[in-house]
Amino acid sequence: MESVLPEHIPRHVAIIMDGNGRWATQRHLPRGEGHRQGTENLRRIIRAATEFGIQILTLYAFSTENWGRPRREVRLLMRIVEMVIDRELDELDGEGVQIRHIGELDGIAPALQRKVKTACERTKNNTRLIVNVAFNYGGRDEIVHAVRRIVADGVPAEAVTEELISSYLYTSGLPDPDLIIRTSGEMRISNFLIWQGSYSEYYATETYWPDFDRASLLEAMHDYSRRKRRFGKTPEQAAAEPIVDEDDDEEA
């Protein structure tokens, strides 16, 4: 299991990286240490994703609701994000990783805003792996933002379709996630990709994010591969008309 790839590789994997604080508490460490260790894990998971052939990786880094956490913790999280960009950008760029930001930059310190924009601009032509960093992101806020843009563009009501709304989301042009993983054992989506994840497969693990390693990701992928995605069809319909993966469809 640890060395064999599953038959069906999810094209787009999204991860709710949860449990940093509890990881630290269990070890009698400050919560900040949990966030630091969670950040260290980013490098391992990004490398594993490229190794496994995942094309898009979306990581839930900081939600719009996280501003309600203690000020000290919020400041630490912002410093960690800045530190990751400073430390990892050269290597990620060299490995062909394209970094995209999804969410709002309003309210973020100007210096950090500039670093996020620089990282996205510098890596925009890389094609090995797209990494969406959901930073200051909320699913409801994203939909509100999309609707406001649609109204501002003067789109008539009868022209509003699911495809149109999708084109106004932060993930415009990307396929919806095939697999959404949540670490730490919680069973909720926490305002994450609530439009895009409508037909995603969900996988929850008790493992806290700092301990979610290459083998954990591979296990989640094997679980995904065993599932039958029906997209609203009955099992009989799905059996009679097998769903073709997007990659297979492109090759046909």
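This report walks through salt bridges, one helix pair and two unusual backbone angles in a predicted model.

A word on ground rules. Residues are numbered from 1 along each chain as its sequence is written, and side-chain values use heavy atoms, with hydrogens and water left out. As the model is predicted, local features need pLDDT of at least 70 and side-chain atom pairs count only at pLDDT 80 or more, while totals for chains, interfaces and linings use all residues.

**Salt bridges**

Let's start with the charged pairs. A salt bridge here is a side-chain nitrogen of Lys or Arg within 4 Å of a carboxyl oxygen of Asp or Glu. By that rule the model has 23 salt bridges. Three of them are set out below.

| Pair | Closest N to O |
|---|---|
| R87 and E40 | 3.0 Å |
| E88 and R43 | 2.4 Å |
| E73 and R69 | 2.9 Å |

Two of these pairs tie helix 3 to helix 2. Helices (H or I, at least four residues) and strands (E, at least two) are DSSP runs, numbered from the N terminus. R87 and E40 form a salt bridge, with R87 in helix 3 (residues 71-94) and E40 in helix 2 (residues 31-52), 47 residues apart. E88 and R43 do a similar job: their side chains meet in a salt bridge, and the pair links helix 3 to helix 2 across 45 residues.

How open are these residues? Buried means under 20% relative accessible area, exposed over 50%, and partly exposed in between (1.4 Å probe, protein chains only). R87 is partly exposed, at 36%, and E40 is partly exposed too, at 23%. In the other helix 3 to helix 2 pair, E88 counts as buried because its relative accessibility is 7%, whereas R43 is partly exposed at 24%.

E73 and R69 make up the last pair in the table. E73 is buried, at 10%, and R69 is partly exposed, at 31%. Elsewhere, salt bridges that share partners join D18, R22, R182, E186 and R188 into one network.

**Helix 2 against helix 7**

Helix 2 also has a packing partner. Two packed helices are described by the angle between their axes and the distance between the axes. Axes are lines fitted to C-alpha atoms, for helices over the stretch in contact, and angles run from 0 to 180 degrees between N-to-C directions. Helix 2 and helix 7 (residues 214-225) pack at about 45 degrees, with their axes 9 Å apart. That makes helix 2 and helix 7 oblique to each other; angles under 35 degrees count as roughly parallel, over 145 as roughly antiparallel, 65 to 115 as roughly perpendicular, and the rest as oblique.

Which residues make the contact (heavy atoms within 4.5 Å)? Helix 2 supplies I45, A48, A49, E51 and F52, and helix 7 supplies R214, L217, L218 and M221. By class, that gives seven nonpolar, no polar and two charged residues, where Ala, Val, Leu, Ile, Met, Phe, Trp, Tyr, Cys and Pro count as nonpolar, Asp, Glu, Lys and Arg as charged, and the others, Gly among them, as polar.

**Two positive phi angles**

Most residues other than glycine have a negative phi. N136, in strand 4 (residues 129-137), has a positive phi near 55 degrees. N136 is also buried, with 5% relative accessibility.

L193 is another non-glycine residue with a positive phi, about 50 degrees. L193 sits in the loop between strand 5 (179-182) and strand 6 (201-204), and at 1% relative accessibility L193 counts as buried.

Conventions: Contact = heavy atoms within 4.5 Å.
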